[in-house]
Each structure stands twice: as C-alpha cells, then as structure tokens.
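Thanks for coming, everyone; please have the sequence and the structure open while I talk. I will go through the loops, the core and the pocket in turn, and I will try to say at each step what a statement rests on.

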Amino acid sequence: SCAQVVSALCALGLPATDERFVKNGNTVLDALLSYQQEDGGFAHVKGGGSNQMATEQALCALARLRESERAAAGRSVPLAAAWTAVLTAVLAARTGR
C-alpha cells in the first residue's frame, strides 16, 4: 500500500518525493492522499468509503513522514506530537478552519 511505501521511505531516510517512486508525475504521497475521503478518513480502495484500517495506516505513515522531515531539518518531534499535528491538519482541512 502507499502508506507502507511512505513508512519505508521514512525508515530508509528517503524523501516521499524520491524520483524512483514517482509515476505519471505523482509521488507516493500524492497517491496516498488520493485515497482521502470527504470525512477525512482514508479508503482501502479507490471509490470506496472511509475504512478504519486504511485510515490508521495512512495516519501512521503521515505521522512518520512529518517526524522524518522534522528530524532531517534538525527539529525532531515526538511521535505523539506528530500524531496530534497530523490529526489537527486533517480536521482543519475538512472543516475549513
């Protein structure tokens, strides 16, 4: 899944924009975000509704990505804080706040 690829890239210290994982001009992060639904959750398959497991996997990957990016910039952040930031961003995007 896209979430597992994002997590693996983070574990390897590679950016989610690594050209080896770009297809038709879209990064693996673009692919992951294409599964996000109107309610903020993530679908398991295109055209499907929000799915708890898909949402959990996507949020874990996004939290790892944020943590990885901050660590690369010398601003490490605990995973709990990364989760809070990701959830806040998802809710803000969905509510327009």
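Gly13 is an exposed residue, because its relative accessible area is 58% and the cut-off for calling a residue exposed is over 50%. Before I go further, please keep in mind that this is a predicted model, and that what I say about Gly13 and the other residues is computed from that model. Gly13 sits in the loop between helix 1 and helix 2, and its C-alpha atom is separated by 7.4 Å from that of Ser68, although the two residues are 55 residues apart along the chain.

Let me stay in that loop. Thr17 also has its place between helix 1 and helix 2, and with a relative accessible area of 55% Thr17 is exposed. Thr27 lies in the loop between helix 1, which covers 2-11, and helix 2, which covers 28-33. Is Thr27 buried or exposed? Thr27 is buried, because its relative accessible area is 14% and the limit for buried is under 20%. The C-alpha atoms of Thr17 and Thr27 are separated by 5.5 Å, with their positions 10 residues apart along the chain. If we set aside residues up to four places away in sequence, Thr17 touches Val22 and Thr27, while Thr27, with its neighbours within four places likewise left aside, is in contact with Ala16, Thr17, Phe21 and Val22.

One further residue of this loop deserves a moment, and that is Asn24, which lies between helix 1 and helix 2. Its phi is near 55 degrees, a positive value in a residue other than glycine. As background, most residues other than glycine have a negative phi. Asn24 counts as exposed, since its relative accessibility is 73%.

Now let us step back to the whole chain. How many helices and how many strands are there in the protein? There are 4 helices and 0 strands, so that, read from the N terminus on, the elements run α-α-α-α. Of the 97 residues in the protein, buried residues make up 29%. The protein exposes about 6,100 Å², and carbon and sulfur atoms supply 55% of that area. If we consider the contacts with a separation of 6 or more, residues 24 or more positions apart account for 40% of them.

That brings me to the interior. In soluble globular proteins, nonpolar side chains tend to be buried together. Here the largest nonpolar core has 15 residues, and those that touch the most other members are Val6, Val28, Leu32, Phe42, Ala61, Leu62 and Leu65. Helix 1, helix 2 and helix 3, the last of these covering 52-72, are the elements that give two or more residues to this core, and the largest share, 6 residues, comes from helix 3. Take Val28 as an example: leaving aside its neighbours within four places in sequence, Val28 is in contact with Cys2, Val5, Val6, Leu9, Ala16 and Phe21.

Which residues line the largest pocket? They are Ser1, Cys2, Ala3, Leu32, Tyr35, Phe42, Ala43, His44, Ala54, Gln57 and Ala58, and the space in this pocket is about 170 Å³. Helix 1 and helix 3 are the elements that give two or more residues to the lining, with helix 3 giving the most, namely 3 residues. The lining residues divide into 8 nonpolar, 3 polar and no charged.

His44, one of the lining residues, is found in the loop between helix 2 and helix 3. At 60% relative accessibility, His44 counts as exposed. The C-alpha atoms of His44 and Ser1, which is also in the lining, are separated by 9.0 Å, with the two residues 43 residues apart along the chain. Not counting residues up to four places away in sequence, His44 touches Tyr35, Gly49, Asn51 and Ala54.

Lastly, there is Thr55, whose place is in helix 3. Thr55 counts as buried, because its relative accessibility is 16% and buried means under 20%. Again without residues up to four places away in sequence, Thr55 touches Gly41 and Phe42, and Phe42 is a residue we have already met in both the core and the pocket lining.

Definitions and conventions. Residues are numbered from 1 along each chain as its sequence is written. This is a predicted model: local features need pLDDT of at least 70, side-chain atom pairs count only at pLDDT 80 or more; totals for chains, interfaces and linings use all residues. Side-chain values use heavy atoms; hydrogens and water are left out. Buried means under 20% relative accessible area, exposed over 50%, partly exposed in between (1.4 Å probe, protein chains only). Contact means heavy atoms within 4.5 Å. Accessible areas come from the Shrake-Rupley method with a 1.4 Å probe; for residues, only the protein chains shown count as cover. A nonpolar core is a set of buried Ala, Val, Leu, Ile, Met, Phe, Trp, Tyr and Cys residues joined through side-chain atoms within 4.5 Å. On a 1 Å grid over the protein atoms alone, a cavity is a set of points where a 1.4 Å probe fits but cannot get out, and a pocket is an open set with protein on both sides within 12 Å along at least five of seven lines; lining residues have an atom within 4 Å of a point. Grid points are joined across faces, edges and corners, and a volume is the space filled by probe spheres set on the points. Ala, Val, Leu, Ile, Met, Phe, Trp, Tyr, Cys and Pro count as nonpolar, Asp, Glu, Lys and Arg as charged, and the others, Gly among them, as polar.
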